[in-house]
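Biologist: I'd like to go through this model with you, starting with the empty space and then moving to the packing and the charges. Can you put it up on the screen?

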Amino acid sequence: MKVYVRAPYKEECLDELRSMFGEVVYEPWTETGERYYEDEMLEHLLKEKPDILITELDRVTEKVLSGYDGLKAIGDCRGTPANIDVEACTKHGIPVLCTPGRNNQAVAEMVVAGMLAFERKLIPAVEWTKSGQWVKGTTPYYLWMGHELMGKKVGIIGYGRIGRIVAKILAAFDCDVSFYDPFVKGDQDGFHNISLEQLFKESDIITIHVPVLDSTKGIVTRELLKSMKPTALFVNAARSVMIDNDALYEVLKNKEIAGAVIDVLDNEPPETENDTRFIELDNVLMMPHICGASFEVTDHQSEILNSGLRAWLDDDKNMLEKVVFNKELCK
Ligand code: NAD
């Protein structure tokens with residue numbers, strides 16, 4: 001069989017694909033430039049004639065699948081296959097394998113880095129130093145004095161893959177970690193399972209790690225934001241749609257809370273005043289949606305997808321259930 005790899009992939013995993021399937025053509029989007037949209041994708045599939053496509057960004061639509069009917073499986077190096085028309089794949093009998101959890105560690109580490117950077121005023125202190133303002137005396141020590149994480153109450157909304165890693169890292173800082181997750185019963189791993197109201201009222205740092213669902217949209221309400229401590233920090237590296245952003249802007253602008261670390265906006269890159277208003281605030285540490293961006297993600301996605309493709313070859317239904325997105329094809 002022939003595999004056409006359009007996602008960045010670990011060298012050893014490419015070798016493993018060769019031993020599993022035979023031929024591998026490696027043309028990741030990172031080397032060819034950008035993603036392939038519909039017509040380009042079809043053109044390249046017709047040229048390469050692969051049995052398996054491994055992608056990350058390319059658009060795979062009904063037009064692509066009806067123009068080229070040689071695909072037996074698609075691997076998508078993403079948690080959810082947003083670039084793929086899964087319904088069309090199901091119609092054509094093509095399983096779509098994903099890589100859930102490929103950037104859990106990357107996100108969790110960056111979330112904690114954001115907390116540390118904010119609490120220790122790291123970024124403005126570095127900018128101040130670079131701009132030549134460091135003079136003799138004790139000024140920097142007092143000007144850039146910040147807060148430690150040790151002993152702080154941290155509330156995690158969503159005790160899933162990322163939330164659990166954040167909790168584990170923060171436990172090593174001796175933080176007092178609690179979480180809110182209605183789908184997790186009781187306390188877990190020594191952390192208290194508390195109500196959302198209690199979490200907002202009592203935490204020094206709040207971080208959200210829930211998926212976008214109808215039930216999670218707007219879960220962080222004005223009332224909850226208004227109930228935060230004036231010294232508290234709010235962190236969002238999940239998605240913007242979960243937050244009442246007008247209320248968040250208001251509490252930040254009016255200094256009703258200490259600040260926010262934000263990795264996600266409604267529009268990325270920022271388009272409207274509703275996006276740019278957060279960037280302009282001096283108590284917001286804004287990142288350009290990079291929490292999940294680590295070099296190691298390539299290794300993780302390659303390893304996760306290869307074990308999924310191995311299960312597909314072996315028809316291991318239990319394993320396939322975990323990685324195939326169109327589960328109706330696993331039966
Ligand atoms: P996950 O599915 O492993 O965990 C989500 C948790 O949220 C689950 O435990 C679930 O029970 C819980 N949950 C569901 N509904 C809830 C509710 N109403 N209230 C509280 N908890 C609820 O997800 P994950 O892999 O940990 O990802 C979490 C978030 O991180 C997602 O929004 C994802 O889009 C985002 N993410 C961001 C980046 C980035 O670069 N910033 C990268 C990857 C993932």
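Biologist: Which residues line the largest cavity?
Modeller: Ground rules first: this is a predicted model, where local features need pLDDT of at least 70 and side-chain atom pairs count only at pLDDT 80 or more, while totals for chains, interfaces and linings use all residues. Residues are numbered from 1 along each chain as its sequence is written, and side-chain values use heavy atoms, with hydrogens and water left out. A cavity is a set of points on a 1 Å grid over the protein atoms alone where a 1.4 Å probe fits but cannot get out, and a lining residue has an atom within 4 Å of a point. On that basis the lining is Asn-236, Ser-240, Asn-245, Leu-248, Ile-262, Val-264, Leu-265, Asp-266, Asn-274, Asp-275 and Phe-278.

Biologist: How much space lies in the largest cavity?
Modeller: The count comes to 1 cavity of 30 Å³ or more. Grid points are joined across faces, edges and corners, and the volume is the space filled by probe spheres set on them. For the largest cavity that gives about 70 Å³.

Biologist: Which element supplies the largest share of that cavity's lining?
Modeller: Helices here are DSSP runs of H or I with at least four residues, strands are runs of E with at least two, and both are numbered from the N terminus. Two elements give two or more residues to the lining, α12 and α13 (273-280). By class, the lining has 5 nonpolar, 4 polar and 2 charged residues, counting Ala, Val, Leu, Ile, Met, Phe, Trp, Tyr, Cys and Pro as nonpolar, Asp, Glu, Lys and Arg as charged, and the others, Gly among them, as polar. The largest share, 3 residues, comes from α13.

Biologist: Now the packing: which element gives the most to the largest nonpolar core?
Modeller: A nonpolar core is a set of buried Ala, Val, Leu, Ile, Met, Phe, Trp, Tyr and Cys residues joined through side-chain atoms within 4.5 Å; buried means under 20% relative accessible area, exposed over 50%, and partly exposed in between, with a 1.4 Å probe and protein chains only. The largest one has 30 residues, with Ile-157, Phe-200, Ile-208, Val-220, Phe-234 and Leu-248 making the most contacts inside it. α10 (196-202), β9 (205-208), α11 (222-226), α12 (245-253) and β11 (259-262) each supply at least two of its residues. With 5 residues, the top contributor is α12.

Biologist: Which residues does Val-220 touch, beyond its neighbours up to four places away in sequence?
Modeller: Contact here means heavy atoms within 4.5 Å. Val-220 is among the residues with the most contacts inside the largest core. Its partners are Ile-157, Phe-200, Ile-208, Leu-225, Phe-234, Met-242, Ile-243 and Asp-244.

Biologist: Is Ala-7 buried or exposed?
Modeller: Ala-7 sits in the loop between β1 and α1. Leaving aside neighbours within four places, it contacts Tyr-26, Pro-28, Trp-29, Ile-54, Thr-55, Glu-56, Cys-77 and Gln-301. The C-alpha atoms of Ala-7 and Thr-55 are 4.9 Å apart, although 48 residues separate the two along the chain. Since its relative accessibility is 0%, Ala-7 counts as buried.

Biologist: On to charges. Which side chain meets Asp-58 in a salt bridge?
Modeller: A salt bridge is a side-chain nitrogen of Lys or Arg within 4 Å of a carboxyl oxygen of Asp or Glu, and the whole structure has 21 of them. Asp-58 pairs at 2.8 Å, N to O, with Arg-6. The two lie 52 residues apart, Asp-58 in the loop between β3 (52-55) and α4 (62-67), Arg-6 in the loop between β1 (2-5) and α1 (11-21). Asp-58 is buried, and so is its partner, Arg-6.

Biologist: How many residues apart in sequence are the parts that Asp-176 and Lys-153 tie together?
Modeller: Their side chains form a salt bridge at 3.4 Å, N to O. Asp-176 lies in strand β7 (residues 176-180) and Lys-153 in strand β6 (residues 153-157), so the pair ties together parts whose separation in sequence is 23 residues.

Biologist: And which helix holds Arg-222, the partner of Glu-250?
Modeller: Glu-250 and Arg-222 meet in a salt bridge at 3.1 Å, N to O. Glu-250 is partly exposed at 27% relative accessible area, and Arg-222 is partly exposed at 33%. They are 28 residues apart, with Glu-250 in helix α12 and Arg-222 in helix α11.

Technical notes: On a 1 Å grid over the protein atoms alone, a cavity is a set of points where a 1.4 Å probe fits but cannot get out, and a pocket is an open set with protein on both sides within 12 Å along at least five of seven lines; lining residues have an atom within 4 Å of a point.
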